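Here are my notes on this one, point by point. Have the coordinates open while you read.

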Amino acid sequence: MPHTVESATAYVIAALEAKGTATREDFNIPGIVSTTHSITQTWDFRAVDRRRFWGIAATFLRA
């Protein structure tokens with residue numbers, strides 16, 4: 001399966017909601033996807049360092 005913005009978005013949502021403490025509504029999903037792609041130059045977010053991913057996600061937590 002090719003990695004696309006759609007697969008990256010699905011990955012982000014699944015990762016955020018897997019913890020059970022937050023939902024996609026708590027984060028700016030397009031912001032996370034765009035920033036992660038911009039920094040890593042890949043849509044395969046499974047290859048992204050976990051600390052980096054969560055650091056990016058934390059900056060897009062809605063208040």
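**Notes on the chain**

1. Let me start with a residue in a loop. Gln 41 is exposed, its relative accessible area being 59%. That puts Gln 41 over the 50% cut-off for exposed. Do keep in mind that we are looking at a predicted model.

2. Staying with Gln 41: the residue sits in the loop between α2 and α3. Its phi is near 60°, which is a positive value in a residue other than glycine. I'd have a look at the backbone there. There is a positive phi at a glycine too: Gly 20, just after α1, takes about 80°.

3. Next door is Thr 42, also in the loop between α2 and α3. Is Thr 42 buried, exposed or partly exposed? With 24% relative accessibility, Thr 42 counts as partly exposed, since buried would need a value under 20%. Leaving aside residues up to four places away in sequence, Thr 42 touches His 37 and Val 48. If you want a distance to check, the C-alpha atoms of Thr 42 and Arg 24 are separated by 21 Å, with the two residues 18 apart along the chain.

4. Now for the threonine inside a helix. Thr 36 lies in α2 and is buried, with a relative accessible area of 0%. Which residues does Thr 36 touch, not counting those up to four places away in sequence? The contacts are Gln 41, Phe 45, Val 48 and Ile 56. So the exposed Gln 41 is among the contacts of Thr 36, and Val 48 turns up in the contacts of Thr 36 as well as those of Thr 42.

5. Zooming out to the helix itself, α2 covers residues 29-40, which makes 12 residues. From its first C-alpha to its last, α2 reaches 16 Å, close to the 16 Å expected at 1.5 Å a residue. Besides Thr 36, its buried residues are Ile 29, Gly 31, Ile 32 and Val 33. Their cover includes α1 (5-18) and α3 (50-59).

6. How does α1 hold up on the length check? Its 14 residues should span 20 Å at 1.5 Å a residue, and the end C-alpha atoms are indeed 20 Å apart, so the two agree. The buried residues of α1 are Ser 7, Ala 8, Val 12, Ile 13, Ala 15 and Leu 16, and they pack against α2 and α3.

7. Overall, the chain has 3 helices and 0 strands, running α-α-α from the N terminus on. The radius of gyration is 11 Å, close to the 11 Å that the globule rule gives for 63 residues, so the chain is as compact as a globular protein of that length. Along the principal axes, the C-alpha trace spans about 30 × 20 × 20 Å.

8. Some totals to finish. Of the 63 residues, 32% count as buried. Among contacts with a separation of 6 or more, 58% come from residues 24 or more positions apart. The chain exposes about 4000 Å², with carbon and sulfur atoms supplying 56% of that area. As for charge, there are 7 positive and 6 negative side chains, and the centres of the two sets lie 6 Å apart.

Notes: Residues numbered from 1 in each chain as written. Predicted model: local features only at pLDDT ≥ 70, side-chain atom pairs only at ≥ 80, totals over all residues. Heavy atoms only, no water. Helix = DSSP H or I, 4+ residues; strand = E, 2+ residues; numbered from the N terminus. Rg over C-alpha atoms; globule rule 2.2 N^0.38 Å. Buried < 20%, exposed > 50% of the residue type's maximum accessible area, 1.4 Å probe, protein only. Contact = heavy atoms within 4.5 Å. Areas by Shrake-Rupley, 256 points an atom, 1.4 Å probe, with all protein chains shown as cover. Lys, Arg positive; Asp, Glu negative; His and termini not counted. Charge placed at Lys NZ, Arg CZ, Asp CG, Glu CD. Expected span 1.5 Å × (residues − 1).
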